[in-house]
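Here are a few short exercises to work through with the model open beside you. Try each task first, then compare your steps with the solution.

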Amino acid sequence: LTAFYFRQTKSKSPLLRPSFFSNEIFLFASMAGLFSYMAMISLTFMLPYLLEYAYHLTPLDTGKILVVIPATTAFVSPLSGHLSDRFGQRPIASLGSTLFTLAIASFFLIGPNTPVWRIILSLVAFGFGFGMFGSPNNPAIMGSVDIGDRGAAGGILVSGLVLRLLFL
């Protein structure tokens, strides 16, 4: 990363403009997006093993349970976008990230006798929080850079989305 940074500062046409690192909104919104995608990937990677091997669910039933995350996210995202236009991006994104963090923390309380409905409820809370976070966070990233830099900013934004899609 250090070599990449210094290489970009010397390049005539860098992949990632060094000025992005001094833009606090871009930097923190991108980092928050990265951590949210990491949480999503870790959850969707490990949960099928728990459901299939500990709860003895079929792959089909596991898939039906896991579809709760994108379904809830798709339902909440438009509402979140509307709310962020009305009340600002920061409070809605903060509320969303708090909600999906609490949902992930609830998975630490899963024991051998935890009912599946409680896991589904935690997944709904995670999807709800993720949907509330993503809609305001993405425009914050894009709006924090000049119009001429939006292609590079969009590339950074899409790289996180591609990672998420690969692991869903």
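**Exercise 1.** Is Phe45 buried, partly exposed or exposed?

*Solution.* Keep in mind that this is a predicted model. Step one is the value: the relative accessible area of Phe45 is 45%. Step two is the class: buried needs under 20% and exposed needs over 50%, so Phe45, at 45%, is partly exposed.

**Exercise 2.** Work out how the rings of Phe45 and Tyr49 are arranged, and where the two residues sit.

*Solution.* Begin with the total: the ring rule gives seven aromatic pairs. For Phe45 and Tyr49, the ring centres are 5.7 Å apart, and the planes meet at 70°. Pairing requires centres within 6.5 Å, and an angle over 60 degrees counts as edge-to-face, so this pair is edge-to-face. Next, place the residues: both belong to helix H3 (residues 24–54), and because they are four residues apart, about one helical turn separates them. Finally, check the partner's surroundings: Tyr49 has a relative accessible area of 43%, so Tyr49 is partly exposed.

**Exercise 3.** Classify the pair formed by Phe126 and Phe130, then find the cluster that contains them.

*Solution.* The centre-to-centre distance is 5.9 Å and the planes lie 15° apart, which makes this aromatic pair stacked. Helix H7 (residues 116–143) holds both Phe126 and Phe130, four residues apart, or about one turn of the helix. Both Phe126 and Phe130 are buried. Widening the view, these two join Tyr37, Phe100 and Phe133 in one aromatic cluster.

**Exercise 4.** Locate Thr2, decide whether it is buried or exposed, and find how far it lies from Val124.

*Solution.* Thr2 is found in helix H1 (residues 2–10). Its relative accessibility is 55%, so Thr2 counts as exposed. From Thr2 to Val124 there are 122 residues in sequence, and the C-alpha to C-alpha distance is 39 Å.

**Exercise 5.** Describe the second largest pocket: what is its volume, and which residues lie nearest its centre?

*Solution.* First, the idea behind the search: rolling a probe the size of a water molecule over the atoms reveals where empty space remains. The second largest pocket has a volume of about 310 Å³. Its lining consists of 14 residues, with Ile25, Ala29, Arg90, Asn137 and Ala140 nearest the centre. By character, the lining comprises eight nonpolar, four polar and two charged residues. To finish, trace the lining to its helices: H3, helix H6 (89–106) and H7 contribute at least two residues each.

Methods. Residues numbered from 1 in each chain as written. Predicted model: local features only at pLDDT ≥ 70, side-chain atom pairs only at ≥ 80, totals over all residues. Heavy atoms only, no water. Phe/Tyr/Trp six-rings, centres within 6.5 Å; stacked < 30°, edge-to-face > 60°. Buried < 20%, exposed > 50% of the residue type's maximum accessible area, 1.4 Å probe, protein only. 1 Å grid on protein atoms, 1.4 Å probe; cavity = no way out; pocket = protein on both sides within 12 Å on 5 of 7 lines; lining within 4 Å. Points joined across faces, edges and corners; volume = space filled by probe spheres on them. Nonpolar A, V, L, I, M, F, W, Y, C, P; charged D, E, K, R; others polar.
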